[in-house]
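The following exercises are to be worked with the sequence and the model at hand. Each task is followed by a solution in steps.

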Amino acid sequence: MCHQCQRNDKGRVVWCSKCNKRYCVCCTERWYPFQTEEEIAEACPFCRGNCNCKACLRRGSRLKVVRMKQTSKADMVHYSQHTICMLLPMLIKFQEEQIKEQVVEARIQENLEIPKAKIASDERLYCDNCNTSIVDFHRSCPDCSYDLCLRCCRELREGCQPGGDSAESSQQQYTKRVYAQSENKKQKKIARGSTGWERRLESVNSQTAHALKPLPDWKVNSDGSIPCPPKERGGCGNNLLELTSMFESNWVAELEEKAQKIASSCELPETLRDSQPCSLCFKPNSQDKIELSDKFRRASNRKDNSDNYMYCPTVQDIKCENLQHFQKHWIRGEPVIVRNVLDDTSGLSWEPMVMWRAFRETTKGKFREETKTVNAIDCLDWYTVEINIHQFFKGYTEGRMHKDQWPEMLKLKDWPPSNYFEERLPRHGAEFISALPFQEYAHPKCGLLNLATKLPANCLKPDLGPKTYIAYGTREELGRGDSVTKLHCDMSDAVNVLTHTAEIKFSPSQRMGIEKLKNKYRALDSKDNVKINEPSLPHGTGEHKKHDDIGSMVTGNIVDKFQEHDSVGNESRPEISGKMGNKGIGSKRLKEAKIASRNKNSEYGGALWDIFRREDVPKLHAYLQKYWNEFRHIMNKPLEEVVHPIHDQTIYLNAEHKRKLKEEFQIEPWTFEQHLGEAVFIPAGCPHQVRNLKSCIKVALDFVSPENVHECIRLTDEFRLLPKEHRAKEDKLEVKKIILHAMNSAVTQFNSLTKVKK
């Protein structure tokens, strides 16, 4: 009986020499197209740990935890020292802010005593004015529990609007915007559900006019004390806000003293000197010529060419190098690409139907509805649509078309939900973690340089992934409805691995129809004096749609992947090999051709990335402020306004806009294609956008590195100035809390490892 299908009537089988399990040829060609019969006979998928039969897909609970390699004592001391040196400036600044508030409090009460807040360790505390997370000192109302962060306290004493001008009552500003849109749209009803924070702007209630009334004043007393704000501002207006702490008295001050002592006794690590380009990448006697090798990839053409080449090692290269080469680039805020990261894994298939089967097998009896349908985003109008999950994955490999034969680009974000990823796809979760390079930084549970792992076990932790991103894609830039992730800036560092691709090619008749529609839309744009190649929404997509009615599968467009030189996506059509199985030598040659194709470099990648340098953000922001009305988003209509052109995530810079950006502001991003099996490391604070050149499955994980934690703080300060209902407003990372616990962990570990035995 075949171990995969549990049947004995499907013809010839291959016996495993290790465990005596059998796999029929039909199943090996359908579900393991990249393994030869000889390889299966030597060690079957079960022995290799990548069997995807129903029984094995249920074995998630018995998976071994993916652990990092053993770290030497010397390396652990070095990592602790590295962390302390990087975090110390932030800790000093944090403590200075708390000391200033203590000085103010000493003027208010003679016997200074700061009580500890009564809050559970697994509870998050946020400022009720600016929504920033509260870490230690804050002011709180004894009656209504209104909490105010120290930053807002300082701004209030300086006579500024606490939380910045945007928070002038973030609620008031929000309702003004809603009111303005209601006047323009006359409360137009839209049947389909929109995505993101824009959705709230389309529902106007009867309280809008009332909310527009001027808010009462909120002023500090002459001694520096702050009254609880009036009810209109969210408080009770009855009492003074009392200074309260989250940690024990003097805990932060003592931690700073210990860290200062360690830092002063240690020589500054070489990797912390980030002023010069990486010395390992340049020839010894020539600082203007890079050592060209396959470890580097050209990604830009700036005049200051020291960072035009990206560090791009293979997974084998980094095994031969120490972490220092990566750190030299990482501390300068440069992205890094690692190739072939899937080579060292068990080989578990990321083919979408395998993932779907795995999801079904691990959710039997629970979450049953989630195995039938999913909510996908239509990149044409950026609304969510409900679609049968099997139909979605079928469209992933075969493509889908709108009624007017315009390509339909759908994408799933965070499926299955990241908080359930390890529960619902346990084997794929373990496979992804085992594929991660630089695990000292990226490992989500025991990365020694991943500061997020230092939070106490009983502390509520941020959701850092893993997250899956599954999207259709096509190499041709359509100009509208392209499968893109729009320009944005993540609060933390991230690593993104391309685990699977499938290529879709249009038939000649479909391509002709697309070109006719493009010409039609260009004419409409020219008439409307729109300067971008993104015309109005095609007919038939503005209302709610059921995919069984308006979507149709692309016909005549399946790529004969095992005859193409481009290997990416071969495993996405197992049905093809299944239909051609059991034909003797023809089937064998077919599998050999597919394996050879997989091992060749892809002609082009699965996703096109644009990552901007942090130092170029002011110019990028200025360009977007100048041209924001040339971009489209919801319903593919021109943007009516922007709050923040990067953090809104409503803009994608096409080739023409990138050309204008370089011409007018002399900046350009790192632009490169991500190939199958490549991991892209994106530093915090680098705005980036992605366009899918093929149907892609990517898995991403966020982490917090010591080198970029200052950028996390900068972004937190930016986000707190956004309106209350903005998509990026919430401080989900709580980076200051992470810094305190990471510093405490590093100090404790350093002292423990360097303690002299008596």
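**Exercise 1.** Which residues does C489 touch, not counting residues up to four places away in sequence?

*Solution.* The model is a predicted one. Begin with the place of C489, which is the loop between β17 (484-488) and β18 (493-502). Next, list the contacts: C489 touches I646, H647, G685, C686, P687, L715 and F719. Then consider D648, 159 residues from C489 along the chain; the two C-alpha atoms are separated by 9.6 Å. Finally, the relative accessible area of C489 is 10%, under the 20% limit, so C489 is buried.

**Exercise 2.** Determine how the rings of W330 and F681 are arranged, and place the pair in the chain.

*Solution.* A search of the whole structure gives 17 aromatic pairs. For W330 and F681, the ring centres are 6.3 Å apart and the planes stand at 90°, so the pair is edge-to-face. This pair links distant parts of the chain, with W330 in helix α11 (residues 324-330) and F681 in strand β22 (residues 679-682), 351 residues apart. W330 is buried, at a relative accessible area of 0%. F681 is likewise buried, at 0%. F681 also forms an edge-to-face pair with F703, at 6.1 Å centre to centre and 70° between the planes. One aromatic cluster comprises F326, W330, F438, Y441, F681 and F703.

**Exercise 3.** Compare the expected span of helix α5 with the distance between its end C-alpha atoms.

*Solution.* Helix α5 (residues 73-108) has 36 residues; at 1.5 Å a residue it should span 52 Å. Its end C-alpha atoms are 50 Å apart, which agrees. Along α5, a bend of about 40° occurs at L87, and the proline P89 follows within four residues.

Terms used: Residues numbered from 1 in each chain as written. Predicted model: local features only at pLDDT ≥ 70, side-chain atom pairs only at ≥ 80, totals over all residues. Heavy atoms only, no water. Helix = DSSP H or I, 4+ residues; strand = E, 2+ residues; numbered from the N terminus. Expected span 1.5 Å × (residues − 1). Bend = angle between axes of the 7 residues up to and from the residue. Buried < 20%, exposed > 50% of the residue type's maximum accessible area, 1.4 Å probe, protein only. Contact = heavy atoms within 4.5 Å. Phe/Tyr/Trp six-rings, centres within 6.5 Å; stacked < 30°, edge-to-face > 60°.
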